[in-house]
Amino acid sequence: MQRTPAVSVALATYNGARYIEAQLRSICSQTILPAEIILSDDGSRDDTIALAIATVSDSVPLRILRHDRKLGVRGNFSAAIEAATHPIVILADQDDYWYPTRVETAVQAFIAQPEVDLLFGDADLIDGQDGSLDTTLFETLPVTESERQQIHEGHAFGPFLRRNLATGMTVAFRRSLWTRAAPIPSDWLHDEWLAIIAAAENRIGIIEKPLMAYRIHDQNAIGVRRPTVWVKTKRVLSPRGERNVVLERRTAELVNYLEARPALFAAPVREAARGKLRVEAFRAALPRRRWARIIPVLGELPRGDYARYTSQGRVEILRDLFQPS
């Protein structure tokens, strides 16, 4: 095996004893080994850390960060990334497993594309017993052919402004991106924030081939669900709650970041972010009563901003018309 000093693995754990051995064995069996694994543990009460130490042994240098105060997903991953010391960082969840060329493919892609700072990709979906679910992450989200083409052609900001397409455990990035993007704003997760900033800089790339198995089980901290008609219907009819307020706040955080760095982000990128903020502010301010939303929502449609800026387009129109308060 060839060892490279280029890669840090940022692995966040919390009560992950059930699957941590399989994940770490897959990381330690790469065709190119990472130079270090940073395991950031969010106060596990099981054998996660002991199993990790025994599994890795002397295969790869392992550093463990133990947190007495629970940090949550964003904080736990942020701690692992901040502790990484090498130019390329690859994110890892505790319950998936990597195919043998996961590291090698990422390293080669970064070498071939020096303009790219973040790579994300597809994954095969498996269940809690390693059984195939006969689908992939891109099929489930879904990440459309049109969205993939826009990314390949250097127009990623539009798709990413509508919704995040980069699932964390598929993400690899140059640590220099973290230096520019950190800290993660309070309403964003680490993977989606790094991806939107890389997309805004036009420094994001996509690897189409699945490089890992993504495990779907009843203890996922964050997971994916196939967007069936029933799932979409439940979204439309679920209470509005604070979702629209959070979307407005998230977009304002993005706009403030971009506007504070005009030399880094092109004027059309900053203008598009302001456009999304306008439509999300409009949606957050809609009346509580459904009948009172009809005229303002219908008046908004000719602008085309639902299609341009919201995550689900026409589904979001239905949400704004029919969701109970």
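This is a short talk on the cores, one buried proline and a few helices of a predicted model.

Hi everyone, thanks for coming. Please keep in mind throughout that we are looking at a prediction.

Let's start inside. The largest nonpolar core has 48 residues. Which of them touch the most other members? They are Leu-118, Phe-120, Phe-157, Phe-160 and Phe-173. Helix H9, residues 190-200, supplies the largest share of this core, with eight residues. As a general point, nonpolar side chains tend to be buried together in soluble globular proteins.

Let's zoom in on Phe-173. Setting aside residues up to four places away in sequence, Phe-173 touches Ile-81, Pro-87, Ile-88, Val-89, Leu-91, Phe-110, Asp-117, Leu-118, Trp-178 and Leu-194. Apart from the largest core there is another one, of 35 residues, including Val-56, Leu-119, Met-169 and Ala-172.

Next, a proline. Pro-34 sits in the loop between strand S3 (32-33) and strand S4 (36-41). Is Pro-34 buried or exposed? Its relative accessibility is 0%, so Pro-34 counts as buried. Pro-34 and Ile-90 are 56 residues apart in sequence, while their C-alpha atoms are 9.1 Å apart in space.

Now to helix H12, residues 267-284. Its 18 residues should span 26 Å at 1.5 Å a residue, and because its end C-alpha atoms are 26 Å apart, the two values agree. Which residues of H12 are buried? They are Val-269, Arg-270, Ala-272, Ala-273, Gly-275, Lys-276, Val-279, Glu-280, Phe-282 and Arg-283. The cover over these buried residues includes helix H7 (157-162), H9, helix H11 (243-259), helix H13 (294-300), helix H14 (305-309) and helix H15 (314-322). So H9 turns up twice in this talk, because we met H9 in the largest core and H9 is also part of the cover over H12.

Ala-284 also belongs to H12. Beyond its neighbours within four places in sequence, Ala-284 contacts Arg-240, Asn-244, Val-245 and Glu-248. Its C-alpha atom is 8.3 Å from that of Arg-243, which is 41 residues away along the chain.

Last, a helix pair. Helix H1 (residues 20-27) and helix H2 (residues 48-56) have axes that come within 9 Å and cross at roughly 30°. That angle makes H1 roughly parallel to H2. The crossing of H1 past H2 is right-handed. Which residues make the contact? From H1 they are Ile-20, Glu-21, Leu-24 and Arg-25, and from H2 they are Thr-48, Leu-51, Ala-52, Thr-55 and Val-56. You may remember Val-56 from the core of 35 residues.

That's my tour, thank you!

Key. Residues are numbered from 1 along each chain as its sequence is written. This is a predicted model: local features need pLDDT of at least 70, side-chain atom pairs count only at pLDDT 80 or more; totals for chains, interfaces and linings use all residues. Side-chain values use heavy atoms; hydrogens and water are left out. A nonpolar core is a set of buried Ala, Val, Leu, Ile, Met, Phe, Trp, Tyr and Cys residues joined through side-chain atoms within 4.5 Å. Buried means under 20% relative accessible area, exposed over 50%, partly exposed in between (1.4 Å probe, protein chains only). Helices (H or I, at least four residues) and strands (E, at least two) are DSSP runs, numbered from the N terminus. Contact means heavy atoms within 4.5 Å. The expected span of a helix is 1.5 Å times one less than its number of residues. Axes are lines fitted to C-alpha atoms, for helices over the stretch in contact, and angles run from 0 to 180 degrees between N-to-C directions. Angles under 35 degrees count as roughly parallel, over 145 as roughly antiparallel, 65 to 115 as roughly perpendicular and the rest as oblique. A crossing is left-handed if the near helix is turned anticlockwise from the far one by less than a right angle, and right-handed if clockwise.
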